[in-house]
There are 2 protein chains.
Amino acid sequence: MELKELCTRAKTAKYDVQNLSTDEKNRALLAAADALVSNAERIISANDLDVKKGEENGMHVGLVDRLRLNPQRIAAMAEGLKQVALLPDPIGEVTDSFERPNGLKIKKVRVPLGVIGIIYESRPNVTADAFALTFKAGNAAILKGGSDAINSNIAIADIIRDALGGLGITPDALQLIEDTDRAVTTQFMKMNEYVDVLIPRGSAGLIRAVVDNSTIPVIETGTGNCHIYVDKDADLDKAIPIIINAKTQRIGVCNAAESLIVHGDIKEKFLPLFAAAMKEHKVEVRADDESLGFIPGAVSATKEDFGKEYLDYIISVKTVNSVDEAIEHINRYNTGHSESIITEDKETAQRFLDRVDAACVYVNASTRFTDGFEFGFGAEIGISTQKLHARGPMGLKELTSYKYEITGDGQIRE
Amino acid sequence: MELKELCTRAKTAKYDVQNLSTDEKNRALLAAADALVSNAERIISANDLDVKKGEENGMHVGLVDRLRLNPQRIAAMAEGLKQVALLPDPIGEVTDSFERPNGLKIKKVRVPLGVIGIIYESRPNVTADAFALTFKAGNAAILKGGSDAINSNIAIADIIRDALGGLGITPDALQLIEDTDRAVTTQFMKMNEYVDVLIPRGSAGLIRAVVDNSTIPVIETGTGNCHIYVDKDADLDKAIPIIINAKTQRIGVCNAAESLIVHGDIKEKFLPLFAAAMKEHKVEVRADDESLGFIPGAVSATKEDFGKEYLDYIISVKTVNSVDEAIEHINRYNTGHSESIITEDKETAQRFLDRVDAACVYVNASTRFTDGFEFGFGAEIGISTQKLHARGPMGLKELTSYKYEITGDGQIRE
């Protein structure tokens, strides 16, 4: 289908989706979940084509594994849709309501964003996940997945569309751009007339490309150069497990720690403990001149290191002489994602909370908690690292907008 | 000053501004107000240069009048700053707060957006207004005004900056881009590293240029192709004054009505009344074939008419046979601003409220009420016509973001 035709259909579909009842939406999500499971073979055949192509093209074995679908993974995908059906419907909530002196009654009502475009390069399960969240929040979705998973994505989208159609809901609530030509993606980013919001999910490069080329409002997600600052008043028994967790529990995620900042007063005592922990977890340490001597095996950090999201078993170390210096360093190098201070001093903690410019600022906890599920949102479309609209973990509410409904009795403006 | 240097200074200043107390901000606003009044002569001399240049270049007499400053207008500008000082400070408000099963305490706190860029082409008083609102909401501002008012803008900004400096507040909280070269403006729109949000204020052309060229998140403001739909169950005694008010009370504003939609069942009765009212107010009517015969003096509407924001004594007329047809027409041609239905039927009214896609949807009231002051926000930076972040009138709260502050006791993720 031609891109413009596809966008036009999504725009038409949004008026239907926004007026579906909670019940209708939930039934559709459950039907889609069942359809995925009962069509598992079809999905796996399509997925085989993608996997074969990946292997032929020398795709990294880890990526091939992420790409591969099997009955268990399809069941997990279906389970995800069912979970979203259980979440409260954000649409229609009256978030504010007031009456003006002239008698006008103003209600602020939560409404869908409309048509949400999602550009991603991740595993094919994102196709089902992204549909579930955008749909439950009353939106039509236009998805553009990576070419590596195109056959899998087409199969998943077709099955979900058929499930919608079977319930009398317009299948155009979910559109997949099947053309993997890059020029089509660029064209998609300019479809302001049809698409209300664009959300890129994937590598820093993909996100950058969308921000640079899109004329549609974008929600930036994901890049995380996260720091742990161990203050002079830190409880070191808390510091070490938090650093190990934030750095090594899962290295390839945006809320993993990439840099340690340490107060000079405690470096002699703390850094050897840190060095031993990193050695045990096979983490390479890149240290500044002030800390290098206390970390056996560490190499010298360059300035570039402090700006890097390694997504690897590597951590940089920066020494400071005050919490303010730590804050300044973070505000210079971070990506607005998640930052943590380890301290027992409440005033220092509050200063850090107040002055660090990031979506999530922690005291005595791992940065790994920046996550829609860990926050109790029940779902997550991504972590916003921008300040407009939504910041931090984005659940269903973050996929909505609002409208003012004003009821009068003939009022005119004087 | 070079653009990059100016942006760097604003980024540094934002950390100071965001930590100012309410009292410090209010004192600064009052000091700036006083400084404008006591430096009125300096402002007027600078303004004389702009006015002279405008007249030499054959600027329309109406525009010259908008550009011209005098002691009364400067007093009004100062009064605006004082009003903003009286408004409640949105910063620091805890908008949500919850504890997770693992003991993490999560607070959602209102914080400034950071650095707000505003590109405008309006009267020089916007320089003071825009500063007041962004500053009260804890942000640093970078302003880019029109070249027509450059001398006035420089004088106003300098005076405000001096007033800030006099109180020990960084003058860099307000930056004015003095270089009126268009290339500098385009470069400014790509300064993502320094600027958090860009707000264009002005003509549809200016807004389009910012949306097309900016890589910084943009809040679109202002274009308003607003409709009044007179339903078959309308009280015509309400309809006529509302249409006159929405169309003629001020023609050059975004919340003025540009199009009438009328239900076919009442056209014979209603349109002659409408025609008489429009004639009395010297409004040209451009009518569709179904309505043309009932409006003496009307000309034929083209399709282009329905998409036009006239900002003039012109109104188009479209006939429909149902509320759904009216909704469909509006959702096709409107700009997401303000739409009104005139009806005594509650179900029809609710359907219109539910299904019209616009920031503000009215029942039995004039679209002219879409305004920060009329909504009781006490101030307004513009009317957002997009769905991301803010929709409709934007006051102080809409110039803020939020951050999650998470306090733990050594929690790590399992």
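Which residues are buried in α2(B)? Keep that one in mind while you turn the model around; it's a predicted model, by the way. The residues to look for are B:Lys25, B:Ala28, B:Leu29, B:Ala32, B:Ala33, B:Ala35 and B:Leu36. Seen down the axis of α2(B), these buried residues fall within an arc of 165 degrees, so they line one face of the helix. There's a simple bit of background here: an α-helix has 3.6 residues a turn, so residues three or four places apart point the same way. On the other side of α2(B) you'll find B:Asp23 and B:Ser38, which are exposed.

What does the buried face lean on? The buried residues of α2(B) pack against α3 (40-56), α5 (71-86), α6 (125-136) and α7 (150-166) of chain B. You can also check the helix with a ruler. Helix α2 of chain B runs over residues 22-38, and at 1.5 Å a residue its 17 residues should span 24 Å; the end C-alpha atoms are 24 Å apart, which agrees.

Now hop over to chain A and look at helix α2 there. In α2(A), the buried residues are A:Lys25, A:Ala28, A:Leu29, A:Ala32, A:Ala33, A:Ala35 and A:Leu36. They cover an arc of only 165 degrees around the axis, which puts them on the same side of α2(A). A:Asp23 and A:Ser38 sit exposed on the other side of α2(A). As for neighbours, the buried residues of α2(A) pack against α3 (40-56), α5 (71-86), α6 (125-136) and α7 (150-166) of chain A.

Just before it in the chain comes helix α1 of chain A, residues 3-17. With 15 residues at 1.5 Å each, α1(A) should span 21 Å, and its end C-alpha atoms are 20 Å apart, which agrees. Its buried residues are A:Leu6, A:Cys7, A:Arg9, A:Ala10, A:Lys11, A:Ala13, A:Lys14 and A:Val17. The cover over them includes β3 (115-120), α6, β4 (140-144) and β5 (174-176) of chain A.

Zoom out a little, and chain A divides into domain 1 (3-221 + 390-407) and domain 2 (226-369). The C-alpha centres of these two domains of chain A lie 36 Å apart.

Next, the strands. Find β1(A) and β2(A), which are joined by five bridges and run antiparallel. They make a hairpin with five residues between them, and A:Gly103 in the turn has a positive phi of about 95 degrees. Within this pairing, A:Glu99 has A:Lys105 in β2(A) as its bridge partner. Moving across, β2(A) pairs with β16(A) in the antiparallel sense, over eight bridges, and here A:Lys105 stands opposite A:Thr407 in β16(A).

Follow A:Thr407 one step further and you cross into the other chain: this residue also stands opposite B:Val363 in β13(B). Five bridges join β16(A) to strand β13 (residues 360-365) of chain B, and the two run parallel. So what order do the strands take in the open sheet that holds this pair? There are ten of them, in the order β1(A)-β2(A)-β16(A)-β13(B)-β12(B)-β7(B)-β8(B)-β11(B)-β9(B)-β10(B), with mixed pairing. At the edges stand β1 (94-99) of chain A and β10 (299-300) of chain B; each has a single partner strand, so one side of each is left without a neighbour in the sheet.

There's another open sheet of ten strands to trace, in the order β10(A)-β9(A)-β11(A)-β8(A)-β7(A)-β12(A)-β13(A)-β16(B)-β2(B)-β1(B), again with mixed pairing. Here the crossing between chains is made by β13(A) and strand β16 (residues 400-411) of chain B, which pair in the parallel sense over five bridges. A:Val363 stands opposite B:Thr407 in β16(B). Back inside chain A, four bridges join strand β12 (residues 338-342) to β13(A), and these run parallel; A:Glu339 stands opposite A:Val361 in that pairing.

Finally, take in the whole contact between the chains, which draws 57 residues from chain A and 57 residues from chain B. On the chain A side, α9 (204-213), α10 (236-248), α15 (346-355), β13 (360-365) and β16 (400-411) each supply at least two residues. β16(A) gives the most, with eleven. By class, that side of chain A has 25 nonpolar, 17 polar and 15 charged residues.

Technical notes: Residues numbered from 1 in each chain as written. Chains lettered and ligands numbered in written order. Predicted model: local features only at pLDDT ≥ 70, side-chain atom pairs only at ≥ 80, totals over all residues. Contact = placed C-beta atoms within 7 Å. Nonpolar A, V, L, I, M, F, W, Y, C, P; charged D, E, K, R; others polar. Pairing = 2+ DSSP bridges. Buried ≥ 20, exposed ≤ 12 C-beta atoms within 10 Å, placed from the backbone. Arc of directions from axis to C-beta. Domains from an automatic or database assignment. Expected span 1.5 Å × (residues − 1).
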